[in-house]
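Biologist: I should like to learn how charged pairs and surface patches are read from a model. Could we work through one case together?

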Amino acid sequence: VWQEARTFIIPGHGRVMDQHDLADYRDMVTILRDLIQDMANRGMTLNQVKAANPAKAFQTRYGGDRGSWTTDMFVEAIYKTLPKK
């Protein structure tokens, strides 16, 4: 969809995004947060959550196994910030 005078987001790292890309990213983070929260509520440890690979569906678009910020690190950051029951 082309919109005249649309706003672009230019991050310090990663690709340039527009409003639709940002909404997709927000949805991905929300889905992963809810999925990892459910796993934590069921008593799964961080290693078990990582082994379950909750980010698999988003790996090709947003993930990475190399570099300064990997998918494993992202999952760990979400897991560590969630409240545990």
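**Salt bridges and a nonpolar patch**

Modeller: D24 has a relative accessible area of 36%, so this residue is partly exposed. Please bear in mind that the model is predicted.

Biologist: What is the general idea behind a salt bridge?

Modeller: Side chains of opposite charge can pair when their charged atoms come close. In this structure, D24 and R61 form such a salt bridge, with an N to O distance of 3.4 Å. Because D24 belongs to helix α1 (residues 19–41) and R61 to helix α3 (residues 59–62), the pair ties together parts that are 37 residues apart in sequence. R61 is also partly exposed, at 43% relative accessibility.

Biologist: Which residues are linked with D24 and R61 in a network of salt bridges?

Modeller: The network also includes R15 and D21. The side chains of R15 and D21 meet at 3.7 Å, N to O.

Biologist: Is D21 buried or exposed?

Modeller: D21 is buried, because its relative accessible area is 17% and the cut-off for buried is under 20%. Its partner R15, at 42%, is partly exposed.

Biologist: How many salt bridges does the structure hold?

Modeller: There are eight. Among them is the pair of R26 and D27, at 2.9 Å from N to O. R26 counts as exposed at 52% relative accessibility, whereas D27 counts as partly exposed at 34%.

Biologist: Which residues make the nonpolar surface patch?

Modeller: F8, I10 and V16 make the patch, which covers about 320 Å². V16 sits in the loop between β1 (8–9) and β2 (17–18), and its relative accessibility of 44% makes V16 partly exposed.

Terms used
Residues numbered from 1 in each chain as written. Predicted model: local features only at pLDDT ≥ 70, side-chain atom pairs only at ≥ 80, totals over all residues. Heavy atoms only, no water. Patch = residues over 30% accessible without salt bridge, like charges linked within 9 Å, V, L, I, M, F, W, Y side chains within 5 Å. Areas by Shrake-Rupley, 256 points an atom, 1.4 Å probe, with all protein chains shown as cover. Salt bridge = Lys/Arg side-chain N within 4 Å of Asp/Glu carboxyl O. Helix = DSSP H or I, 4+ residues; strand = E, 2+ residues; numbered from the N terminus. Buried < 20%, exposed > 50% of the residue type's maximum accessible area, 1.4 Å probe, protein only.
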